[in-house]
Amino acid sequence: MLVSAKDMLVKAKAGKYAVGQFNINNLEWTKAILLTAQENNSPVILGVSEGAGKYMCGFKTVADMTKAMIDELGITVPVALHLDHGSYEGAKKAIAAGFSSVMFDGSKYAIDENIEKTKEIIALANSKGISVEAEVGAIGGEEDGVVGGGEVADPDECKQIADLGVDMLAAGIGNIHGKYPANWAGLNFDVLAQIQEKTGIMPLVLHGGTGIPADMIKKAISLGVSKINVNTECQLSFADATRKYIEAGKDLEGKGFDPRKLLAPGFEAIKATVKEKMELFGSVNKA
Ligand code: 13P
């Protein structure tokens, strides 16, 4: 069964750890993340961007596949299926398709319009027990065609959006999607501390988890971050392991070309990355 992300994040905020959101792309990704969460007794959030949703034949396919997999694999840890950077229309579609959590990313709108649209999505989601993430201050970099400006959020605007009744709040603090450039200035902890002070118990979300050094992750958690999104790092681990398999000529040995064999090293690599993040975020044994 899928659950809303609300309870797991309230617990994470109180317990000073973070729940990982790992983005999924296909069956192997989903299975790898679910099994790792179960093995580590950790709550988990599966992230689905609108682009990945289209790639996997629509939100309903994703929701039905994930629910069936949870059943079939005997997964008992809390799992939320969450729309990542949803548009206004996309959030409505994901709610209708059976997602248990949605992000409405209104960061591209002026604050008043962001507030109006966020309110509508909250009303719709709450009536079905679905959690909502909102965003203030665009996250930098590019993810699935959604390009963010890399703004640093205004703590007063964060408070305005938090007060609408969202369950988690993403705020830009110098984080970006994808790999960080060599001259990256790091996370803006002063702003994070101000946001945390104004929004109190609200679980804060850190996007762009790939490549943020462990000490910055720990400091962000100590300042109220309770959900950390990781996408690119699993993609890199998967690609690296798959390349090594092929470069070693393993696909040419026996039935090494069988997709169940060809994709196995990448599958194991995703599992290792997810486990490492769960340990770093402190969510192991918090299911
Ligand atoms: P990365 O791809 O940088 O890990 O970011 C993931 C993310 O923030 C998903 O919303």
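In which hand does helix 2 pass helix 4? To find out, select residues 27–39 (helix 2) and residues 59–73 (helix 4) in this predicted model. Viewed together, the two helices form a right-handed crossing. Their axes are 11 Å apart and meet at an angle of about 45°; helix 2 is therefore oblique to helix 4.

Next, display the side chains at this contact. Helix 2 contributes Leu27, Thr30, Lys31, Leu34 and Leu35, and helix 4 contributes Met65, Thr66, Met69, Ile70 and Leu73. Seven of the contact residues are nonpolar, two are polar and one is charged.

Keep helix 2 selected and add strand 1 (19–23), strand 2 (44–49) and strand 3 (79–86). Helix 2 lies across these three strands, and its direction is at about 165° to that of strand 2.

Now extend the selection to the barrel. Eight strands close it in the order 1-2-3-4-5-8-9-10, with parallel pairing. On average, and with direction ignored, neighbouring strands of this sheet are turned by 25° against each other. For one such pair, turn to strand 3 and strand 4 (residues 101–104): they run parallel and are joined by three bridges. Here His82 stands opposite Ser101 of strand 4.

Finally, select the ligand and its shell of 16 residues. Those that come nearest are His207, Thr210, Asn229, Asn231 and Thr232. Strand 3 appears again at this site: strand 3, strand 10 (225–230) and helix 10 (232–247) each supply at least two residues of the shell. Colouring the shell by residue class shows twelve polar residues, three charged and one nonpolar.

Definitions and conventions
Residues numbered from 1 in each chain as written. Predicted model: local features only at pLDDT ≥ 70, side-chain atom pairs only at ≥ 80, totals over all residues. Near = placed C-beta within 6 Å. Helix = DSSP H or I, 4+ residues; strand = E, 2+ residues; numbered from the N terminus. Nonpolar A, V, L, I, M, F, W, Y, C, P; charged D, E, K, R; others polar. Axes fitted to C-alpha atoms, helices over the stretch in contact; angles between N-to-C directions. Parallel < 35°, antiparallel > 145°, perpendicular 65-115°, else oblique. Left-handed = near helix turned anticlockwise from the far one by under 90°. Contact = placed C-beta atoms within 7 Å. Pairing = 2+ DSSP bridges.
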